[in-house]
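Here is a walk through a protein chain, meant to be read with the structure open beside you. Pull up the viewer and follow along.

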Amino acid sequence: MVTRGLRRRLTSYGDQDFSLFLRKAFIKAMGYSDDALERPIVGIANTYSDYNPCHGNVPQLIEAAKRGVMLAGGMPMVFPTMSIHESFAAPTSMFLRNLMAMETEEMVRAQPMDSVILIGGCDKTIPAQVMAAASSEVPAIVLPTGPMDTGNHKGERLGACTDCRRLWAQFRGDQIDAAEIGEINGKLASSVGTCTVMGTASTMATLMEAMGLALPMAGSAPATSAERMRLAEETGRAAVAMTETGLTTAEVLTPAALRNALITLQALGGSTNAVVHLAAIYRRLGRRLDMVEFDQIGRQVPVLVDLKPAGTGYMGDFHHAGGVPRLLSELTDLIDLTAPRAFGGTLGDTMGALPPRHEDRIIRPRDNPISASGGIAVLTGNLAPRGAVIKHSSAAPELQTHEGRAVVFDSVQDLTERLDDPALEITAEDILVLRNAGPKGAPGMPEAGYMPIPRHLARQGVKDMVRISDARMSGTAFGTIVLHITPEAADGGPLAAVRTGDRIRLDVPNRSLELLVSAEDLAERMTALPPPPPTPGRGYARLYDLHVSQADDGLDFDFLMANPDA
Ligand code: FES
């Protein structure tokens, strides 16, 4: 017999009946009746934090989700988990993602719940929650917080955070003065909710729909909208149904569902960070994200979504254009419509109630794509033996085949200290190289791959240069930027051996990244490299350093993968 409700996961006292007796005695202190406590239990992960404005609507979402649970006859139980905001996580939010995944997994497992609603939004939160769900036996449904509203400055729409970077670059180039950039600062994030461009948060939220883990339109409905609250209520109802019939996340995320995610990511022109998060989810399921396959998908799948940073629109526009169901309806020959959904039915059902198309600018029809191939390409070569990625949909076309002189920075701090130094010899044709900014090197693989254009070049009007690193980049950023070079410099990657003055060739059409030195020279340089820095002495930093994997394995800890010993 399946154990349900309060009887699940009893605390161990050596007497099961006493464990249940004690549990009931304590929980009755909350004023719950026996009737309430006999209902199927829906856990609701509360990721509200005063430090996390992207989750500022979580209290309202919880109320709506609880209403849905109770209307469907279930018992909602809200519990806290970690909350991570991009700007309030040092050294990086990525450093903490696995901690949130571990905490969420263990709290879902430790407490009695028959299904769980995972309320996430800011970049690392939904990935952490899905990694947790993939390793858990409890059926899970994701409720994204939704994108923020856009602001306005002098008649121009603004949204975090592509416009943050664009306008900051203008400030660095003296096109905007200090008073105006201060004024803009108050307009970039004009409401609670996640960044309103196709950055990492929006990419991951929309992928949840494509992977069958969130209700249709739940990836894009604005954070402040009544529709978002109705979706929360509906998610509550769905979660009750899932207590009886729900599939586990591992059962939902079939190879077809994962491939659907890769196709959708390319068609969205989505964030490169999603590649890392998906790689981690693959490993939680005992699989590996095949980067060659991902690149091949990219050659087949056009970018159809015209949102910043690669395009022009904002998430609200995407939602009103029909969101993920509309996008999927343009990809029916490529995606597997039989893939299951956590809340029942198949991905084909997601398009069931699609209204007639009323616009074709934000979500393009297949015969009029933004670009004929997908948003992200995978590069290899002697500089990236296990791969690197570039979001070529937001890179300057003329720089995608480029040979230049390397200007090397040894760390994020070195970059910060020297980039704007007037003594730095650099031209717009040079290639900026940043290393020791990968999973171990920084640590936490900061979003430092979007290296600013050196100030004196920015003042001359230079807007893009080739930049390469073992770092990540915010999904809201843009430029000819090669990321996730694997292995990273701090883990024995050849990036460690590059010297200022070396020639580097980037060839996106042929998917290659080459350091133009002989194999013998490179091998000699590698053997002469200094030993890696010592492992931190204690705590989470030590756990992280000892167990974090490289970007192609999603930076998950080795012991959290499905087959840690494999
Ligand atoms: Fe939270 Fe962008 S900072 S989604």
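What follows goes from the whole chain down to single residues.

**The chain as a whole**

Keep in mind that this is a predicted model. The chain has 20 helices and 14 strands. Its radius of gyration is 24 Å, close to the 24 Å that the globule rule gives for 566 residues, so the chain is as compact as a globular protein of that length. If you lay the C-alpha trace along its principal axes, it spans about 75 × 55 × 50 Å.

How much of the chain counts as buried? Of the 566 residues, 59% do. Take the contacts between residues at least 6 apart in sequence: 74% of them join residues at least 24 apart. As for the surface, the chain exposes about 21500 Å², and carbon and sulfur atoms supply 53% of that. On the charge side, there are 53 positive and 66 negative charges, and their mean positions are 2 Å apart.

**Two cores**

Which residues touch the most other members of the largest nonpolar core? That core has 103 residues, and the answer is Ile117 and Leu253. Apart from it lies another core, this one of 28 residues, including Ile390, Ile431, Leu506 and Leu515.

Back to Leu253 for a moment. Setting aside its neighbours within four places in sequence, Leu253 is in contact with Val130, Met211, Leu213, Leu258, Ile281, Leu285 and Arg287.

**A helix on the inside**

Now find helix α8, which covers residues 200-210. Is α8 buried or exposed? 11 of its 11 residues are buried, so α8 is largely enclosed by the rest of the structure. Among these buried residues are Thr200, Ser202, Met204, Leu207 and Glu209. A general point about helices helps when you look at it: an α-helix has 3.6 residues a turn, so residues three or four places apart point the same way. After α8 comes Gly212, whose phi is positive, near 80°.

**Backbone oddities**

A few spots in the backbone are worth a click. Two cis peptide bonds and two positive phi values in residues other than glycine go in the table.

| Residue | Backbone feature | Loop |
|---|---|---|
| Pro309 | cis bond from Lys308, omega near 10° | between α13 (291-300) and α14 (315-320) |
| Pro443 | cis bond from Ala442, omega near -5° | between β10 (431-434) and α18 (455-459) |
| Lys154 | positive phi, near 55° | between β5 (151-153) and β6 (156-158) |
| Asp174 | positive phi, near 65° | between α6 (162-172) and α7 (178-185) |

What about the solvent side of the two positive-phi residues? Lys154 is exposed, with a relative accessible area of 65%. Asp174 counts as exposed too, at 53% relative accessibility, since the cut-off for exposed is over 50%.

**Three residues up close**

Start with Leu495, in the loop between β12 (481-483) and β13 (503-507). Leu495 is buried, with a relative accessible area of 0%. Leaving out its neighbours within four places in sequence, Leu495 is in contact with Leu383, Val433, Leu434, Arg435, Ile468, Ser469, Asp470, Ile485 and Ala489. For a sense of distance, Leu495 and Ala523 are 28 residues apart in sequence, and their C-alpha atoms are 12 Å apart in space.

Next is Arg542, which sits in helix α20 (residues 539-547). Its relative accessibility is 34%, so Arg542 counts as partly exposed. Beyond its neighbours within four places in sequence, Arg542 is in contact with Thr535, Pro536 and Gly537. How far is Arg542 from Gly444 in space? The two are 98 residues apart along the chain, and 12 Å separates their C-alpha atoms.

Last comes Ser518, in the loop between β14 (512-515) and α19 (519-527). Ser518 is partly exposed, with a relative accessible area of 32%. Ser518 and Ile297 are 221 residues apart in sequence and 32 Å apart in space, going C-alpha to C-alpha.

How values were computed
Residues numbered from 1 in each chain as written. Predicted model: local features only at pLDDT ≥ 70, side-chain atom pairs only at ≥ 80, totals over all residues. Heavy atoms only, no water. Core = buried A, V, L, I, M, F, W, Y, C linked by side-chain atoms within 4.5 Å. Buried < 20%, exposed > 50% of the residue type's maximum accessible area, 1.4 Å probe, protein only. Contact = heavy atoms within 4.5 Å. Helix = DSSP H or I, 4+ residues; strand = E, 2+ residues; numbered from the N terminus. Rg over C-alpha atoms; globule rule 2.2 N^0.38 Å. Areas by Shrake-Rupley, 256 points an atom, 1.4 Å probe, with all protein chains shown as cover. Lys, Arg positive; Asp, Glu negative; His and termini not counted. Charge placed at Lys NZ, Arg CZ, Asp CG, Glu CD.
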